[in-house]
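Here's a small set of exercises to work through with the coordinates open beside you. Try each task before you read its solution.

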Amino acid sequence: QVQLQESGGGSVQAGGSLRLSCKASGYTDSMGWFRQIPGKEREGVAYIDSDGTTTYADFVKGRFTASHDYGTKTLYLQMNNLKPEDTAMYYCASDPLFVRVRAGTPAYWGQGTQVTVSS
């Protein structure tokens with residue numbers, strides 16, 4: 001069983017930065033960051049395979065950076081140059097299989113942390 005706890009969300013103005021953290025308990029392998037904008041389906045933001053390979057959604061490339069500290073079992077999402085359209089609930093997720101994370105169907109989800117970007 002894996003438990004995930006996000007933190008670091010908040011309110012910022014457009015162009016600002018936030019760093020999200022996701023502390024995991026239990027063994028973690030492949031992980032990812034997702035977000036859900038009100039009225040829309042949850043979408044993938046960044047995916048990290050067990051070997052550390054990271055892929056990003058096109059809408060965050062060059063602005064967001066995901067990293068995984070395996071020693072502390074903490075996943076991070078550094079978000080720079082935030083835009084109002086980035087306003088969403090952000091979730092971290094984990095699964096032994098990367099394909100499930102990539103497909104948006106990982107076994108484990110955190111509770112989410114709210115990010116609000118004002119113009």
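**Exercise 1.** In which strand is Ser 7 found? Work out its exposure and its contacts too.

*Solution.* Ser 7 sits in strand β1, residues 3-7. Before going further, some ground rules: the model is predicted, so local features need pLDDT of at least 70 and side-chain atom pairs count only at pLDDT 80 or more, while totals for chains, interfaces and linings use all residues. Numbering starts from 1 along each chain as its sequence is written, and side-chain values use heavy atoms, with hydrogens and water left out.

Step one is exposure. Buried means under 20% relative accessible area, exposed means over 50%, and partly exposed is in between (1.4 Å probe, protein chains only). Ser 7 counts as partly exposed because its relative accessibility is 40%.

Step two is contacts, meaning heavy atoms within 4.5 Å. Leaving aside residues up to four places away in sequence, Ser 7 touches Arg 19, Leu 20, Ser 21 and Thr 113.

**Exercise 2.** Follow one of those partners: is Ser 21 buried or exposed?

*Solution.* Start with its place, which is strand β3. With a relative accessible area of 17%, Ser 21 is buried. Now list its neighbours, again skipping residues up to four places away in sequence: Gln 5, Glu 6, Ser 7, Trp 33, Thr 74, Leu 75 and Tyr 76.

**Exercise 3.** Lay out the fold from the N terminus on, then check the overall dimensions.

*Solution.* Count elements first: the protein has one helix and 11 strands. Helices (H or I, at least four residues) and strands (E, at least two) are DSSP runs, numbered from the N terminus. The order is β-β-β-β-β-β-β-β-β-α-β-β.

Next, dimensions. The C-alpha trace spans about 40 × 25 × 25 Å along its principal axes. For the radius of gyration, taken over C-alpha atoms, the globule rule is 2.2 Å times the number of residues to the power 0.38. For 119 residues a compact globule would come out near 14 Å, and the protein's 13 Å agrees with that.

Last, the bulk numbers. Buried residues make up 43% of the 119. Of the contacts with a separation of 6 or more, 57% join residues 24 or more positions apart.

**Exercise 4.** Which residues of the largest nonpolar core touch the most other members?

*Solution.* A nonpolar core here is a set of buried Ala, Val, Leu, Ile, Met, Phe, Trp, Tyr and Cys residues joined through side-chain atoms within 4.5 Å. The largest one has 26 residues, and Trp 33, Val 45, Phe 64, Leu 77, Met 79 and Tyr 90 touch the most other members. Now see who supplies it: β3 (18-25), β4 (30-36), β5 (43-48), β7 (64-69), β8 (74-79), β9 (88-95) and β11 (113-118) each give at least two residues. With four residues, β3 gives the most.

Zoom in on Phe 64. Beyond residues up to four places away in sequence, its contacts include Val 45, Tyr 56, Leu 77, Met 79 and Tyr 90, and also polar or charged names such as Arg 35 and Asp 86.

**Exercise 5.** How far is Val 99 from Asp 86, Ser 7 and Tyr 47 in space, C-alpha to C-alpha?

*Solution.* Place Val 99 first: it is found in helix α1, residues 98-102. Its 60% relative accessibility makes it exposed. Then take the pairs in turn:

- Asp 86 is 13 residues from Val 99 in sequence and 25 Å away in space.
- Ser 7 is 92 residues from Val 99 along the chain, with the C-alpha atoms separated by 25 Å.
- Tyr 47 is 52 residues from Val 99 in sequence and 10.0 Å away in space.

To finish, look at Tyr 47 itself. It lies in strand β5 and is buried, at 7% relative accessible area. Among its contacts are Phe 98, Val 101 and Arg 102, along with Met 31, Gly 32 and Phe 34.

**Exercise 6.** Where are Lys 73 and Asn 81 placed? Check their phi angles as well.

*Solution.* Lys 73 is in the loop between β7 and β8. Its phi is near 55 degrees, a positive value in a residue other than glycine. Lys 73 is partly exposed, at 33%.

Asn 81 is in the loop between β8 and β9. Its phi is about 50 degrees, positive although Asn 81 is not a glycine. At 43% relative accessibility, Asn 81 is partly exposed.
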